[in-house]
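User: Could you take a close look at the charged pairs in this one? I'd like to know where they sit, and then how that part ties in with whatever surrounds the ligands.

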Amino acid sequence: MTTPRKLHIKSYGCQMNVYDAQRMVDTLAGEGFVETASADDADLVILNTCHIREKASEKVYSELGRLRVAKDEAARQGRDMKIAVAGCVAQAEGAEIIHRAPTVDIVVGPQSYHHLPQLLKRAMENGRALETEFPVEDKFGFLPQPRPDAIRSRGISAFVTVQEGCDKFCTFCVVPYTRGAEVSRPVADIVNDVTQLTDNGVREITLIGQNVNAYHGEGPDGRAWSLGRLLQRLAALPGVARLRYSTSHPRDVDDELIAAHRDLAELMPFVHLPVQSGADRILAAMNRKHTADDYRRVIDRLRTARQDIAFSSDFIVGFPGETREEFSATLALVTQIGYAAAYSFKYSPRPGTPAAEMRETVSAEEMDERLGRLQELIDSQQSAFNRAAIGTTVDVLFERTARNPGQIVGRTAYLQPAHVMASPDIIGRVLPVRIDSLERYSLIGEIAAQSPNLQTTIGA
Ligand code: SAH
Ligand code: SF4
Ligand code: F3S
């Protein structure tokens, strides 16, 4: 028997990179690789990179500097360490990475992960391998299923990619270039993946896509199914306790998705719906294809369908030419909507995007000031939302043992961590929890009497 080779993957960026890392592990398991927690003893290190903002993408080169040292040390010990760069920086800067970082053996774009075994072989034989084409075949047809023990070790909540790529071309964003055009997976394949996961203990499925509600995969009837229809199908599968989806675009919230929120108890009432800005002129310059009022209307329709629904969003401050009044319109929108959580970013010009050519810029100090004010507002909304849970009884899906002995941690419908003292038997179950207090971002409570009639959720 050959000794297993060791693989270390480090992921940056979004949920899709987390999911992709698992699929790379699954692919390389077939080549005799097992995961290791440290890069130092690995035979193959994969950096799964993100290109979304300058800071994210620069991390790659500093990390490669550290890995070069580890690789030299391995060589001194007579071991051959291969280094691969995957993800969105690989796609965007492929040849440049090969040029700038001689320590890199393999560069592989997000649509070519199923070719990893061949690329590794090529790197062993010829020194270096680069693949950043968008192959004609669909990688999902070739990526192997995770093994049952791998699924179990990853816990009770899992991501499933249902859609990849983006055709929206927001003027600030690299994703349409790094992930390519929108592609939706067929319903049958997704049902198959979800069944495999729930058969091995997964209870919560988050459907992911760069623009997940643009989903239009082929259904069993040969027609294109919407995300709402797909959710309805998945909710009917035994073992699926909770469904979520991310990230959605305001333009693609259709009637079927709204109906899914109205009708499906499994679909969690928490939606990440990025708006980016509250000013129509900026939204137009961003090519978001919606106004602030269009967004308000979508939120209203979702709230009418499901009263306890809550929202999170992404915001960019300091987009080229953003005036103080336009920034104030963003603050006003946030105040009006009331978010349970939100992420805000300083605008970062990205090579190759139309916004990077725009000449009016916002000064660094002004951007810092705007970011600070926005984050303060969002934080106060998030704290108020979390505090509102105190004294209520909420459903919690228990995930794992917590750091404190005897404590088990799970999540509410709104992804708030909730801690109780209980036996680990409750992991994988949804139970009503009476919330007593809040410690930073965590709810603390105790399991309430388990009559189904007592199960309630927080009001909006
Ligand atoms: N596909 C998702 C996520 C895109 S990236 C979506 O459409 O919402 C996640 C967030 O990063 C974006 O919502 C946006 O707020 C932010 N972002 C993207 N490009 C950026 C840039 N050039 N500068 C600053 N923030 C950016
Ligand atoms: Fe980027 Fe816009 Fe597509 Fe989101 S919708 S991935 S922000 S281009
Ligand atoms: Fe980053 Fe690519 Fe995701 S740029 S945010 S890893 S799609």
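Analyst:
**Charged pairs, then the ligands**

E164 and K139 are both buried. Keep in mind that what you're looking at is a predicted model. The side chains of these two residues, E164 and K139, meet in a salt bridge, with N and O 3.0 Å apart. The pair ties together distant parts of the chain: E164 belongs to strand β8 (residues 163-164), while K139 is in the loop between β6 (129-131) and α5 (148-153), and the two are 25 residues apart.

Now for some other pairs. The count of salt bridges comes to 28. Another one joins D193 and R185, again with 3.0 Å from N to O, and here too D193 is buried, as is R185. E326 and R281 make a further salt bridge, whose closest N and O atoms are 2.5 Å apart. That one also spans distant parts of the chain, from E326 in helix α12 (residues 324-337) to R281 in helix α10 (residues 280-285), 45 residues apart. Its two ends sit in unlike settings. E326 has a relative accessible area of 11%, so it falls under the 20% limit and is buried. R281 has 46%, which puts it between 20% and 50%, and therefore it's partly exposed.

Back to where we began: salt bridges that share partners join K139 and E164 with D20 and R179 in one network. R179 is the handy link to the ligands, as it's one of the residues around ligand 3, together with C14, N17, T49, C50, H51, I52, C88 and Q210. By class, that shell around ligand 3 has 4 nonpolar, 4 polar and 1 charged residues.

The shell of ligand 3 has cysteines in it, C14, C50 and C88 among them, and the shell around ligand 2 includes C166, C170 and C173. You might wonder about disulfides, but a search of the whole structure turns up 0 of them. As for accessibility, C88 has a relative accessible area of 9%, which is under 20%, so it counts as buried. C170 is buried for the same kind of reason, because its 8% is also under 20%.

What else is around ligand 2? Besides those cysteines, its neighbours are K168, F169, F172, V175, P176, H249 and R288. The shell is made up of 7 nonpolar, 1 polar and 2 charged residues.

F172 takes us on to ligand 1: a polar backbone atom of F172 is 3.0 Å from a nitrogen atom of ligand 1. Charged side chains show up here as well. An N or O atom in the side chain of R53 is 2.9 Å from an oxygen atom of ligand 1, and a polar side-chain atom of D314 is 2.7 Å from an oxygen atom of ligand 1. Taken alone, ligand 1 exposes 530 Å², and the protein buries 88% of that.

Looking at the surroundings of ligand 1 as a whole, 14 residues make up the shell, with R53, Q210, Q276, D314 and S348 the closest. The shell splits into 6 nonpolar, 4 polar and 4 charged residues. Strands β13 (310-317) and β14 (341-346) each provide at least two residues of it. Q210 is one to click on, being among the closest residues to ligand 1 and also listed around ligand 3.

One more polar spot deserves a look, at H115. This histidine is in the loop between β5 (106-108) and α4 (116-126). Its relative accessibility is 14%, under 20%, so H115 counts as buried. The side chain of H115 has a polar contact of 3.2 Å with the side chain of H114 and a polar contact of 2.8 Å with the side chain of E137.

Last, a loop to set beside the buried charges. D43 lies in the loop between β2 (33-35) and β3 (44-49). Its 22% relative accessibility falls between 20% and 50%, so D43 is partly exposed. The C-alpha atom of D43 is 6.1 Å from that of K82, with their positions 39 residues apart along the chain.

Conventions: Residues numbered from 1 in each chain as written. Chains lettered and ligands numbered in written order. Predicted model: local features only at pLDDT ≥ 70, side-chain atom pairs only at ≥ 80, totals over all residues. Heavy atoms only, no water. Disulfide = S-S within 2.5 Å. Buried < 20%, exposed > 50% of the residue type's maximum accessible area, 1.4 Å probe, protein only. Near = heavy atom within 4 Å. Nonpolar A, V, L, I, M, F, W, Y, C, P; charged D, E, K, R; others polar. Polar contact = N/O pair within 3.5 Å; in protein donor to acceptor, adjacent residues only side chain to side chain. Areas by Shrake-Rupley, 256 points an atom, 1.4 Å probe, with all protein chains shown as cover. Helix = DSSP H or I, 4+ residues; strand = E, 2+ residues; numbered from the N terminus. Salt bridge = Lys/Arg side-chain N within 4 Å of Asp/Glu carboxyl O.
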